[in-house]
Amino acid sequence: MYELGAEFGITRQTVSLVLKRNGVQMRMQGPREDQRDEVTALRDRAWSYARLGERFKVDPWTVRNYLVSGATLA
């Protein structure tokens with residue numbers, strides 16, 4: 001995204017917005033906000049970050065950061 005931003009003279013956030021708007025599947029997206037309860041419940045049932053990552057199709061570190069920080073990762 002940095003390269004596209006530099007090439008077109010826009011920020012990487014703008015690149016991301018344009019790509020999403022045009023239906024491009026972005027990698028490393030975390031669980032949606034409406035999945036927070038499910039993610040938390042599964043973690044409470046001793047699911048590993050790796051297993052949660054597989055379930056929600058995200059990197060295990062993304063799941064960890066999502067739960068630890070309380071961030072919204074949609």
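**Helix packing, a salt bridge and two positive phi angles**

K57 is exposed, its relative accessible area being 73%, in a model that is predicted. This residue belongs to the loop between α4 and α5, the latter helix spanning residues 60-69, and K57 adopts a positive phi of about 55° although it is not a glycine. A second non-glycine residue with a positive phi is A46, for which the angle is about 75°. A46 is placed in the loop between α3 and α4, and with a relative accessibility of 67% A46 is likewise counted as exposed, the cut-off for that class being over 50%.

The chain as a whole contains five helices and zero strands, so that, with elements defined as helices and strands, the order from the N terminus reads α-α-α-α-α. Of the 74 residues in the chain, 24% are buried. The accessible surface of the chain amounts to about 5,500 Å², and carbon and sulfur atoms contribute 52% of this area. Among the contacts in the chain with a separation of 6 or more, 48% are between residues 24 or more positions apart.

The packing of α4 with α5 was then examined. The two helices, α4 and α5, pack at an angle of about 100°, and their axes are 7 Å apart. This angle makes α4 roughly perpendicular to α5, because values of 65 to 115 degrees fall in that class. On the side of α4 the contact is made by Y49, A50, L52 and G53, whereas α5 contributes P60, V63, R64, L67 and V68. By character, the residues of this contact between α4 and α5 comprise seven that are nonpolar, one that is polar and one that is charged; R64 is the charged residue and G53 the polar one, since Arg counts as charged and Gly as polar.

Helix α4 also takes part in a salt bridge. The count of salt bridges comes to one, and the pair is formed by R55 and E38, whose closest N and O atoms are 2.5 Å apart, a distance that satisfies the criterion of within 4 Å. R55 is located in α4, which covers residues 49-56, and E38 in α3, which covers residues 36-44, so the salt bridge ties together parts of the chain that are 17 residues apart in sequence. R55 is partly exposed, at 40% relative accessibility, and E38 is also partly exposed, with a relative accessible area of 32%; both residues are placed in this class because their values lie between the 20% and 50% limits.

Conventions: Residues are numbered from 1 along each chain as its sequence is written. This is a predicted model: local features need pLDDT of at least 70, side-chain atom pairs count only at pLDDT 80 or more; totals for chains, interfaces and linings use all residues. Side-chain values use heavy atoms; hydrogens and water are left out. A salt bridge is a side-chain nitrogen of Lys or Arg within 4 Å of a carboxyl oxygen of Asp or Glu. Helices (H or I, at least four residues) and strands (E, at least two) are DSSP runs, numbered from the N terminus. Buried means under 20% relative accessible area, exposed over 50%, partly exposed in between (1.4 Å probe, protein chains only). Axes are lines fitted to C-alpha atoms, for helices over the stretch in contact, and angles run from 0 to 180 degrees between N-to-C directions. Angles under 35 degrees count as roughly parallel, over 145 as roughly antiparallel, 65 to 115 as roughly perpendicular and the rest as oblique. Contact means heavy atoms within 4.5 Å. Accessible areas come from the Shrake-Rupley method with a 1.4 Å probe; for residues, only the protein chains shown count as cover.
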